[in-house]
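I opened this entry to keep track of what I looked up in the structure. The notes follow the order in which I went through it.

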Amino acid sequence: MNREKILWIKIDTENYYRLLVKLNDIGINMYDNKKLKDSILIKTTMSDYKKIKKYLISYKVSINSNSGISKIKEIVNKYIVFSCSVILGIILLFIVNNLILKVDVKSPNKNIQNLLITELDKYGLGTLKFKKSHKQVEVIVNNILDNNKETLEWLEVKYDGLIMIVNVTEKTKTESSETYNNCNIIASSDAKISSLNIYRGVPLKEINDYVLKGDVILSGSIVHNEEVKNTVCAAGEIYGEVWYKVKVEIPFKETYINYTGKNRYNLSIKVNDNKYQILKSRIKNKKEDEINLYKLNDFEINLVKEKEYTTKVKKLSEEEAYNKGINTALEKVKLKLLDNEEILLKKVLKKEVNDSTIYLEIFIVTKENIGELQVVSEEINYGVESNT
Amino acid sequence: MKNLHFRENFKNFLFDLEDFITIYENHLHVFNYKKLNKLSESEIVLSFNKMLVTINGVNLKIKQMTKQELLINGSILKVEFSYE
(Lines give C-alpha, C1' and ligand atoms only; values in the text may rest on other atoms or scores of the structure.)
Protein backbone atom coordinates (compact mmCIF):
# COMPACT_ATOMS: atom_id res chain seq x y z
CA MET A 1 0.00 0.00 0.00
CA ASN A 2 1.35 3.35 -1.00
CA ARG A 3 1.14 5.52 2.10
CA GLU A 4 1.84 9.07 1.23
CA LYS A 5 3.72 11.30 3.60
CA ILE A 6 1.43 13.46 5.71
CA LEU A 7 2.60 16.90 6.73
CA TRP A 8 1.33 20.10 8.25
CA ILE A 9 1.51 23.10 5.98
CA LYS A 10 0.99 26.73 6.84
CA ILE A 11 -0.89 29.06 4.49
CA ASP A 12 -1.00 32.76 5.28
CA THR A 13 -4.53 34.09 4.87
CA GLU A 14 -6.98 36.33 6.60
CA ASN A 15 -10.03 34.65 5.01
CA TYR A 16 -10.28 31.09 6.22
CA TYR A 17 -13.49 30.30 4.37
CA ARG A 18 -12.41 31.63 0.98
CA LEU A 19 -9.20 29.65 1.16
CA LEU A 20 -11.01 26.42 2.00
CA VAL A 21 -13.33 26.88 -0.98
CA LYS A 22 -10.26 27.36 -3.17
CA LEU A 23 -8.63 24.27 -1.73
CA ASN A 24 -11.81 22.36 -2.41
CA ASP A 25 -11.91 23.66 -5.97
CA ILE A 26 -8.43 22.32 -6.71
CA GLY A 27 -9.27 19.00 -5.03
CA ILE A 28 -7.08 19.09 -1.96
CA ASN A 29 -7.52 16.42 0.67
CA MET A 30 -7.45 18.00 4.10
CA TYR A 31 -7.25 15.68 7.12
CA ASP A 32 -7.22 18.32 9.80
CA ASN A 33 -6.80 22.05 10.13
CA LYS A 34 -6.18 24.69 12.72
CA LYS A 35 -7.17 28.29 12.30
CA LEU A 36 -4.55 30.75 13.51
CA LYS A 37 -4.69 34.54 13.63
CA ASP A 38 -3.33 35.34 10.16
CA SER A 39 -2.87 31.86 8.80
CA ILE A 40 -4.21 28.37 8.70
CA LEU A 41 -2.45 25.07 9.37
CA ILE A 42 -3.54 22.22 7.15
CA LYS A 43 -2.73 18.56 7.48
CA THR A 44 -2.37 17.18 4.01
CA THR A 45 -0.19 15.03 1.75
CA MET A 46 3.07 16.00 0.10
CA SER A 47 1.49 15.82 -3.38
CA ASP A 48 -1.36 18.11 -2.27
CA TYR A 49 1.20 20.49 -0.79
CA LYS A 50 2.91 20.64 -4.18
CA LYS A 51 -0.47 21.16 -5.82
CA ILE A 52 -1.24 24.07 -3.48
CA LYS A 53 2.18 25.58 -4.21
CA LYS A 54 1.45 25.22 -7.92
CA TYR A 55 -2.08 26.59 -8.05
CA LEU A 56 -2.38 29.01 -5.17
CA ILE A 57 0.57 31.14 -6.12
CA SER A 58 -0.81 34.27 -4.46
CA TYR A 59 -0.65 32.58 -1.06
CA LYS A 60 2.43 32.13 1.05
CA VAL A 61 2.65 28.39 1.66
CA SER A 62 5.26 26.66 3.79
CA ILE A 63 5.76 23.34 5.50
CA ASN A 64 5.03 23.92 9.15
CA SER A 65 5.97 20.68 10.74
CA ASN A 66 6.73 17.19 9.77
CA SER A 67 7.31 14.60 12.34
CA GLY A 68 10.25 12.53 13.53
CA ILE A 69 13.08 11.80 11.14
CA SER A 70 11.52 13.61 8.20
CA LYS A 71 11.44 16.80 10.25
CA ILE A 72 15.12 16.42 11.07
CA LYS A 73 15.82 15.69 7.40
CA GLU A 74 13.94 18.79 6.38
CA ILE A 75 15.81 20.97 8.85
CA VAL A 76 19.10 19.43 7.74
CA ASN A 77 18.23 20.11 4.11
CA LYS A 78 17.27 23.66 4.88
CA TYR A 79 20.42 24.42 6.81
CA ILE A 80 22.74 22.11 4.88
CA VAL A 81 25.91 24.19 5.28
CA PHE A 82 25.27 24.87 8.94
CA SER A 83 24.29 21.25 9.54
CA CYS A 84 27.44 19.99 7.83
CA SER A 85 29.58 22.38 9.89
CA VAL A 86 27.89 21.26 13.10
CA ILE A 87 28.26 17.57 12.20
CA LEU A 88 31.89 18.08 11.19
CA GLY A 89 32.46 20.08 14.37
CA ILE A 90 30.97 17.31 16.50
CA ILE A 91 33.08 14.69 14.74
CA LEU A 92 36.17 16.85 15.16
CA LEU A 93 35.37 17.49 18.80
CA PHE A 94 34.84 13.78 19.34
CA ILE A 95 38.17 13.01 17.69
CA VAL A 96 40.00 15.76 19.58
CA ASN A 97 38.41 14.67 22.81
CA ASN A 98 39.17 11.01 22.38
CA LEU A 99 42.51 10.98 20.60
CA ILE A 100 45.84 10.46 22.29
CA LEU A 101 48.47 12.74 20.81
CA LYS A 102 51.25 12.01 23.23
CA VAL A 103 52.11 9.35 25.76
CA ASP A 104 54.00 10.72 28.75
CA VAL A 105 55.55 8.01 30.90
CA LYS A 106 56.59 9.52 34.22
CA SER A 107 59.72 7.52 34.79
CA PRO A 108 63.36 8.51 34.43
CA ASN A 109 64.22 4.94 33.44
CA LYS A 110 64.36 4.65 29.65
CA ASN A 111 63.84 0.89 29.77
CA ILE A 112 60.65 1.29 31.79
CA GLN A 113 59.46 4.00 29.40
CA ASN A 114 60.01 1.77 26.38
CA LEU A 115 58.51 -1.23 28.13
CA LEU A 116 55.34 0.65 29.03
CA ILE A 117 54.95 2.26 25.62
CA THR A 118 55.25 -1.18 23.97
CA GLU A 119 52.93 -2.85 26.47
CA LEU A 120 50.28 -0.11 26.21
CA ASP A 121 50.55 -0.18 22.43
CA LYS A 122 49.78 -3.90 22.50
CA TYR A 123 46.46 -3.09 24.15
CA GLY A 124 45.66 -0.28 21.74
CA LEU A 125 46.76 2.65 23.84
CA GLY A 126 49.32 4.85 22.16
CA THR A 127 50.01 7.91 20.08
CA LEU A 128 47.26 8.69 17.54
CA LYS A 129 44.99 6.04 19.01
CA PHE A 130 41.63 6.54 20.66
CA LYS A 131 41.29 6.73 24.41
CA LYS A 132 39.70 3.83 26.20
CA SER A 133 37.16 3.87 28.98
CA HIS A 134 38.18 3.88 32.62
CA LYS A 135 37.18 0.23 33.05
CA GLN A 136 39.13 -0.89 29.98
CA VAL A 137 42.17 1.06 31.17
CA GLU A 138 41.90 -0.59 34.58
CA VAL A 139 41.92 -4.05 32.99
CA ILE A 140 44.89 -3.11 30.78
CA VAL A 141 46.82 -1.74 33.77
CA ASN A 142 46.17 -4.93 35.73
CA ASN A 143 47.29 -7.07 32.79
CA ILE A 144 50.50 -5.06 32.38
CA LEU A 145 51.22 -5.29 36.11
CA ASP A 146 50.62 -9.06 36.02
CA ASN A 147 52.93 -9.49 33.03
CA ASN A 148 55.69 -7.39 34.61
CA LYS A 149 55.53 -8.36 38.25
CA GLU A 150 59.27 -8.21 38.64
CA THR A 151 59.77 -4.74 37.25
CA LEU A 152 56.59 -2.79 38.02
CA GLU A 153 55.18 -2.08 41.44
CA TRP A 154 52.34 0.32 40.60
CA LEU A 155 50.89 1.77 37.44
CA GLU A 156 48.33 4.44 36.72
CA VAL A 157 47.08 5.71 33.39
CA LYS A 158 45.18 8.98 33.18
CA TYR A 159 44.32 11.49 30.50
CA ASP A 160 45.12 15.18 30.53
CA GLY A 161 43.53 16.58 27.40
CA LEU A 162 45.25 14.93 24.47
CA ILE A 163 48.09 13.59 26.57
CA MET A 164 48.02 10.19 28.19
CA ILE A 165 49.98 10.33 31.42
CA VAL A 166 51.42 7.08 32.72
CA ASN A 167 52.50 7.20 36.34
CA VAL A 168 54.64 4.27 37.31
CA THR A 169 56.55 3.03 40.30
CA GLU A 170 59.33 0.61 39.64
CA LYS A 171 59.77 -2.36 41.87
CA THR A 172 62.71 -1.55 44.07
CA LYS A 173 64.94 -4.49 44.62
CA THR A 174 64.98 -4.76 48.40
CA GLU A 175 68.52 -4.70 49.48
CA SER A 176 68.40 -7.41 52.07
CA SER A 177 71.15 -7.44 54.57
CA GLU A 178 72.22 -10.82 53.21
CA THR A 179 73.50 -9.21 50.01
CA TYR A 180 76.19 -7.32 51.92
CA ASN A 181 79.29 -8.74 53.43
CA ASN A 182 79.82 -6.12 56.07
CA CYS A 183 77.20 -3.97 57.70
CA ASN A 184 76.34 -2.54 61.08
CA ILE A 185 73.15 -1.69 62.87
CA ILE A 186 73.28 1.89 64.08
CA ALA A 187 70.90 4.01 66.18
CA SER A 188 68.50 6.02 64.09
CA SER A 189 67.94 8.50 66.94
CA ASP A 190 69.07 9.35 70.45
CA ALA A 191 67.53 6.71 72.71
CA LYS A 192 67.84 4.36 75.65
CA ILE A 193 67.97 0.74 74.52
CA SER A 194 65.05 -1.21 75.92
CA SER A 195 65.29 -4.52 74.02
CA LEU A 196 67.94 -6.16 71.90
CA ASN A 197 67.29 -9.19 69.65
CA ILE A 198 70.49 -10.11 67.84
CA TYR A 199 70.34 -12.34 64.78
CA ARG A 200 73.87 -11.67 63.52
CA GLY A 201 76.75 -9.46 64.54
CA VAL A 202 78.57 -8.34 67.67
CA PRO A 203 76.67 -6.15 70.18
CA LEU A 204 78.56 -3.04 71.20
CA LYS A 205 75.76 -1.74 73.45
CA GLU A 206 73.58 -3.34 76.08
CA ILE A 207 70.02 -2.93 77.32
CA ASN A 208 69.52 0.33 79.25
CA ASP A 209 72.54 1.90 77.51
CA TYR A 210 72.04 5.38 76.15
CA VAL A 211 72.92 5.81 72.49
CA LEU A 212 73.22 8.84 70.28
CA LYS A 213 72.02 8.97 66.70
CA GLY A 214 74.55 7.12 64.53
CA ASP A 215 76.11 5.08 67.32
CA VAL A 216 76.89 1.50 66.26
CA ILE A 217 74.79 -0.92 68.30
CA LEU A 218 75.53 -4.12 66.41
CA SER A 219 78.81 -4.43 64.56
CA GLY A 220 79.36 -6.61 61.52
CA SER A 221 83.09 -6.90 62.19
CA ILE A 222 84.16 -9.92 64.24
CA VAL A 223 87.26 -8.87 66.10
CA HIS A 224 89.70 -11.07 67.89
CA ASN A 225 92.86 -9.77 69.52
CA GLU A 226 92.18 -6.34 68.17
CA GLU A 227 92.09 -7.71 64.64
CA VAL A 228 89.13 -8.09 62.32
CA LYS A 229 88.88 -11.79 61.69
CA ASN A 230 85.69 -11.84 59.70
CA THR A 231 82.85 -9.56 58.60
CA VAL A 232 79.13 -10.28 58.51
CA CYS A 233 76.09 -8.20 57.87
CA ALA A 234 74.71 -7.48 61.32
CA ALA A 235 71.02 -8.09 61.79
CA GLY A 236 68.76 -7.61 64.76
CA GLU A 237 65.74 -5.93 66.21
CA ILE A 238 66.57 -3.09 68.55
CA TYR A 239 63.90 -1.19 70.41
CA GLY A 240 64.64 1.88 72.44
CA GLU A 241 63.00 4.64 74.39
CA VAL A 242 62.99 7.81 72.34
CA TRP A 243 62.19 11.22 73.80
CA TYR A 244 60.27 14.00 72.22
CA LYS A 245 59.60 17.52 73.42
CA VAL A 246 56.43 18.78 71.72
CA LYS A 247 55.25 22.39 71.85
CA VAL A 248 51.61 23.17 71.21
CA GLU A 249 49.57 26.32 71.38
CA ILE A 250 45.78 26.00 71.52
CA PRO A 251 43.46 29.01 71.16
CA PHE A 252 40.47 29.20 73.51
CA LYS A 253 38.19 30.11 70.62
CA GLU A 254 37.51 27.45 68.00
CA THR A 255 35.67 28.11 64.77
CA TYR A 256 33.45 25.32 63.45
CA ILE A 257 31.93 25.12 60.02
CA ASN A 258 28.33 23.87 59.71
CA TYR A 259 26.98 23.04 56.25
CA THR A 260 23.40 24.26 55.90
CA GLY A 261 22.58 21.71 53.20
CA LYS A 262 21.82 24.45 50.69
CA ASN A 263 23.69 23.70 47.49
CA ARG A 264 23.83 25.55 44.24
CA TYR A 265 25.32 24.48 40.94
CA ASN A 266 27.25 26.76 38.67
CA LEU A 267 29.43 26.47 35.61
CA SER A 268 32.91 27.85 35.42
CA ILE A 269 35.29 28.28 32.54
CA LYS A 270 39.00 28.23 33.16
CA VAL A 271 41.31 29.64 30.53
CA ASN A 272 45.03 29.85 31.31
CA ASP A 273 44.47 29.90 35.09
CA ASN A 274 41.85 32.64 34.74
CA LYS A 275 38.55 31.43 36.12
CA TYR A 276 35.18 32.81 35.04
CA GLN A 277 31.90 31.80 36.64
CA ILE A 278 28.93 31.81 34.29
CA LEU A 279 26.22 32.48 36.89
CA LYS A 280 26.44 35.00 39.68
CA SER A 281 26.77 33.27 43.01
CA ARG A 282 24.18 34.19 45.63
CA ILE A 283 25.77 32.20 48.44
CA LYS A 284 27.94 34.30 50.73
CA ASN A 285 29.89 31.68 52.69
CA LYS A 286 30.51 28.72 50.48
CA LYS A 287 32.82 25.83 49.80
CA GLU A 288 33.26 24.95 46.17
CA ASP A 289 33.69 21.46 44.78
CA GLU A 290 34.58 21.28 41.11
CA ILE A 291 33.85 18.46 38.70
CA ASN A 292 35.67 18.69 35.40
CA LEU A 293 33.30 18.35 32.45
CA TYR A 294 35.66 19.13 29.62
CA LYS A 295 39.33 19.84 29.32
CA LEU A 296 41.42 20.70 26.33
CA ASN A 297 44.93 21.94 27.06
CA ASP A 298 44.48 25.13 29.10
CA PHE A 299 40.75 25.35 28.52
CA GLU A 300 38.44 23.77 31.10
CA ILE A 301 34.71 23.68 31.71
CA ASN A 302 33.84 22.74 35.27
CA LEU A 303 30.62 22.08 37.12
CA VAL A 304 30.87 23.88 40.44
CA LYS A 305 28.91 22.70 43.45
CA GLU A 306 28.65 25.54 45.94
CA LYS A 307 27.87 24.36 49.45
CA GLU A 308 26.67 27.02 51.87
CA TYR A 309 28.03 26.99 55.39
CA THR A 310 27.76 28.97 58.56
CA THR A 311 30.55 29.47 61.03
CA LYS A 312 30.15 28.96 64.75
CA VAL A 313 32.67 30.04 67.36
CA LYS A 314 33.03 27.77 70.37
CA LYS A 315 34.87 28.92 73.47
CA LEU A 316 36.95 26.26 75.18
CA SER A 317 37.49 26.14 78.91
CA GLU A 318 41.08 25.99 80.17
CA GLU A 319 40.70 22.27 80.90
CA GLU A 320 39.29 21.53 77.43
CA ALA A 321 42.11 23.49 75.77
CA TYR A 322 44.66 21.70 77.98
CA ASN A 323 43.29 18.25 77.02
CA LYS A 324 43.14 19.24 73.39
CA GLY A 325 46.76 20.37 73.52
CA ILE A 326 47.89 17.05 74.99
CA ASN A 327 45.89 15.08 72.40
CA THR A 328 47.32 17.17 69.58
CA ALA A 329 50.86 16.52 70.83
CA LEU A 330 50.22 12.78 71.14
CA GLU A 331 48.70 12.64 67.65
CA LYS A 332 51.77 14.43 66.26
CA VAL A 333 54.07 11.83 67.75
CA LYS A 334 51.80 8.89 66.82
CA LEU A 335 52.14 9.86 63.18
CA LYS A 336 55.83 8.87 63.34
CA LEU A 337 55.20 5.49 64.94
CA LEU A 338 55.02 2.19 63.10
CA ASP A 339 53.47 -1.12 64.13
CA ASN A 340 54.79 -2.47 67.45
CA GLU A 341 55.81 1.04 68.43
CA GLU A 342 53.97 2.87 71.20
CA ILE A 343 53.87 5.88 73.47
CA LEU A 344 55.18 4.97 76.92
CA LEU A 345 54.94 8.23 78.82
CA LYS A 346 53.74 11.79 78.55
CA LYS A 347 54.47 14.64 80.93
CA VAL A 348 53.63 18.32 80.73
CA LEU A 349 56.82 20.28 81.31
CA LYS A 350 55.49 23.78 80.88
CA LYS A 351 52.03 25.36 80.87
CA GLU A 352 51.39 29.00 80.11
CA VAL A 353 47.90 30.49 79.94
CA ASN A 354 47.13 33.91 78.54
CA ASP A 355 43.88 35.61 77.48
CA SER A 356 43.45 33.85 74.19
CA THR A 357 45.68 30.75 74.14
CA ILE A 358 47.20 28.02 76.22
CA TYR A 359 50.81 27.07 75.58
CA LEU A 360 52.06 23.59 76.50
CA GLU A 361 55.44 21.95 76.35
CA ILE A 362 55.02 18.16 76.61
CA PHE A 363 57.66 15.52 77.11
CA ILE A 364 56.79 12.23 75.43
CA VAL A 365 58.63 8.92 75.61
CA THR A 366 58.03 6.31 72.93
CA LYS A 367 59.17 2.78 72.28
CA GLU A 368 60.55 2.63 68.75
CA ASN A 369 62.63 0.44 66.54
CA ILE A 370 65.87 2.40 66.48
CA GLY A 371 68.02 -0.02 64.47
CA GLU A 372 69.16 1.20 61.07
CA LEU A 373 71.24 -0.76 58.60
CA GLN A 374 74.58 0.78 57.71
CA VAL A 375 76.57 -0.82 54.93
CA VAL A 376 80.29 -0.68 55.66
CA SER A 377 82.43 0.00 52.66
CA GLU A 378 86.12 -0.85 52.69
CA GLU A 379 87.09 2.77 53.21
CA ILE A 380 85.12 3.05 56.45
CA ASN A 381 87.13 1.93 59.42
CA TYR A 382 85.80 1.52 62.89
CA GLY A 383 87.32 1.89 66.32
CA VAL A 384 89.30 -1.35 66.56
CA GLU A 385 90.33 -1.39 62.90
CA SER A 386 91.78 2.10 63.11
CA ASN A 387 94.17 0.96 65.79
CA THR A 388 95.61 -1.77 63.62
CA MET B 1 -45.63 22.91 -4.73
CA LYS B 2 -42.40 21.42 -3.52
CA ASN B 3 -41.46 18.10 -5.02
CA LEU B 4 -40.43 15.69 -2.26
CA HIS B 5 -38.65 13.21 -4.56
CA PHE B 6 -39.83 10.28 -2.50
CA ARG B 7 -38.91 7.84 -5.17
CA GLU B 8 -35.27 8.96 -5.48
CA ASN B 9 -34.78 9.12 -1.75
CA PHE B 10 -36.31 5.72 -1.19
CA LYS B 11 -34.21 4.27 -3.98
CA ASN B 12 -31.10 5.76 -2.41
CA PHE B 13 -31.99 4.24 0.91
CA LEU B 14 -32.71 0.75 -0.43
CA PHE B 15 -29.87 0.44 -2.88
CA ASP B 16 -26.24 1.35 -2.66
CA LEU B 17 -26.17 4.95 -1.60
CA GLU B 18 -25.10 7.43 -4.14
CA ASP B 19 -24.71 10.20 -1.59
CA PHE B 20 -25.71 10.80 2.00
CA ILE B 21 -25.53 13.23 4.89
CA THR B 22 -25.11 12.08 8.48
CA ILE B 23 -25.72 14.46 11.34
CA TYR B 24 -24.01 14.00 14.70
CA GLU B 25 -23.87 16.30 17.65
CA ASN B 26 -21.94 19.40 16.44
CA HIS B 27 -20.76 17.47 13.37
CA LEU B 28 -22.15 16.82 9.94
CA HIS B 29 -20.71 14.22 7.60
CA VAL B 30 -21.32 14.62 3.88
CA PHE B 31 -20.56 11.85 1.41
CA ASN B 32 -20.25 12.15 -2.34
CA TYR B 33 -20.90 15.84 -2.76
CA LYS B 34 -20.07 17.42 -6.05
CA LYS B 35 -19.03 20.96 -5.18
CA LEU B 36 -18.61 23.28 -2.30
CA ASN B 37 -20.53 26.28 -3.52
CA LYS B 38 -20.45 28.56 -0.54
CA LEU B 39 -18.65 28.53 2.73
CA SER B 40 -19.06 30.97 5.57
CA GLU B 41 -19.26 30.95 9.32
CA SER B 42 -23.07 30.65 9.24
CA GLU B 43 -23.85 28.95 5.94
CA ILE B 44 -22.45 26.18 3.79
CA VAL B 45 -23.95 25.35 0.40
CA LEU B 46 -23.09 22.04 -1.23
CA SER B 47 -24.23 20.73 -4.56
CA PHE B 48 -24.92 17.06 -5.15
CA ASN B 49 -25.97 15.26 -8.33
CA LYS B 50 -29.58 16.29 -8.18
CA MET B 51 -29.88 18.61 -5.24
CA LEU B 52 -28.45 21.51 -3.34
CA VAL B 53 -27.94 21.28 0.40
CA THR B 54 -27.78 24.40 2.52
CA ILE B 55 -26.47 24.00 6.04
CA ASN B 56 -27.11 26.84 8.46
CA GLY B 57 -25.43 27.12 11.79
CA VAL B 58 -23.09 29.06 14.04
CA ASN B 59 -19.32 29.01 13.88
CA LEU B 60 -19.25 26.45 11.09
CA LYS B 61 -15.89 25.06 10.09
CA ILE B 62 -14.67 22.32 7.82
CA LYS B 63 -12.75 19.81 9.89
CA GLN B 64 -11.85 17.33 7.15
CA MET B 65 -12.18 17.58 3.42
CA THR B 66 -11.56 15.18 0.53
CA LYS B 67 -12.85 15.08 -3.04
CA GLN B 68 -15.83 13.01 -1.90
CA GLU B 69 -16.34 13.72 1.75
CA LEU B 70 -16.69 16.63 4.11
CA LEU B 71 -16.76 16.75 7.89
CA ILE B 72 -18.32 19.95 9.10
CA ASN B 73 -18.00 21.10 12.66
CA GLY B 74 -20.08 23.74 14.47
CA SER B 75 -23.53 24.33 15.93
CA ILE B 76 -25.84 23.11 13.15
CA LEU B 77 -29.23 24.80 13.19
CA LYS B 78 -30.81 23.82 9.90
CA VAL B 79 -30.16 21.56 6.87
CA GLU B 80 -32.17 22.39 3.80
CA PHE B 81 -32.48 20.35 0.61
CA SER B 82 -33.53 21.85 -2.69
CA TYR B 83 -33.87 19.69 -5.75
CA GLU B 84 -33.12 20.98 -9.19
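Below are my entries, grouped by topic.

**Confidence**

I noted at the start that this is a predicted model. For chain A I read a mean pLDDT of 85, with 93% of its residues at 70 or more. I then looked up residues 379–388 of chain A, where the pLDDT is below 50. Beyond near neighbours in sequence, that stretch has 11 contacts in the model. I left it there.

**Chain B, overall**

I listed the elements of chain B and found 1 helix and 6 strands. Along the sequence they run α-β-β-β-β-β-β. Chain B has 84 residues, and 17% of them count as buried. I also looked up the contacts in chain B with a separation of 6 or more: residues 24 or more positions apart account for 40% of these.

**Chain B, strands 1 and 2**

I went to strand 1 (residues 20–24) of chain B and looked up its partner. It pairs with strand 2 of chain B in the antiparallel sense, over 5 bridges. I wrote down two of the facing positions. B:Phe20 stands opposite B:Phe31 of strand 2, and B:Ile23 stands opposite B:Leu28 of strand 2.

Is strand 1 of chain B covered or in the open? I counted 0 buried among its 5 residues, so strand 1 of chain B lies largely in the open.

The hairpin made by these two strands has 2 residues between the strands. One of the loop residues between strand 1 and strand 2 of chain B is B:Asn26. Its phi is positive, about 65°, although B:Asn26 is not a glycine. I checked the surroundings as well: B:Asn26 has 12 C-beta neighbours inside 10 Å and therefore counts as exposed.

**Chain B, the two faces of strand 2**

Which side chains of strand 2 (residues 27–31) of chain B point to the buried face? I found B:Leu28 and B:Val30 there, both buried. B:His27, B:His29 and B:Phe31 point to the other face and are not buried. I added the general rule for reference: in a regular strand the side chains alternate between the two faces of the sheet.

Strand 2 of chain B also pairs with strand 6 (residues 69–83) of chain B, again antiparallel and over 5 bridges. In strand 6 of chain B, B:Asn73 is the bridge partner of B:His27.

**Contact between the chains**

I next looked up where chain B touches chain A. The contact takes 9 residues from chain B and 9 residues from chain A. On the side of chain B, strand 3 (35–39) and strand 5 (51–65) each supply at least two residues. The largest share there is 3 residues, and it comes from strand 5 of chain B. By class, I recorded 4 nonpolar, 3 polar and 2 charged residues on this side of chain B.

**Chain A, a four-stranded sheet**

In chain A I followed an open sheet of 4 strands, in the order 12-14-10-24, with antiparallel pairing. Which strands are at the edges? They are strand 12 (202–203) and strand 24 (371–375) of chain A, each of which pairs on one side only.

Inside that order I looked at strand 10 (residues 183–187) and strand 14 (residues 216–219) of chain A, which pair antiparallel over 2 bridges. I noted A:Leu218 in strand 14 of chain A as the bridge partner of A:Ile185.

**Chain A, helix 4**

Helix 4 (residues 80–98) of chain A has 19 residues. From its first C-alpha to its last I read 26 Å, close to the 27 Å expected at 1.5 Å a residue. I also looked up burial: helix 4 of chain A is hardly covered, with 0 buried among its 19 residues.

**Chain A, A:Leu128**

My last entry is on A:Leu128, which sits in the loop between helix 5 (110–122) and strand 7 (129–130) of chain A. A:Leu128 is not a glycine, although its phi is positive at about 60°. Is A:Leu128 buried or exposed? I found 8 C-beta neighbours inside 10 Å, so A:Leu128 counts as exposed.

Definitions and conventions
Residues are numbered from 1 along each chain as its sequence is written. Chains are lettered from A and ligands numbered from 1 in the order in which they are written. This is a predicted model: local features need pLDDT of at least 70, side-chain atom pairs count only at pLDDT 80 or more; totals for chains, interfaces and linings use all residues. A residue is buried if 20 or more other C-beta atoms lie within 10 Å of its own, exposed if 12 or fewer, and partly exposed in between; C-beta atoms are placed from the backbone. Two strands pair if DSSP finds at least two bridges between them. Two residues are in contact if their C-beta atoms, placed from the backbone, lie within 7 Å. Ala, Val, Leu, Ile, Met, Phe, Trp, Tyr, Cys and Pro count as nonpolar, Asp, Glu, Lys and Arg as charged, and the others, Gly among them, as polar. The expected span of a helix is 1.5 Å times one less than its number of residues. pLDDT is the predictor's confidence in each residue, from 0 to 100.
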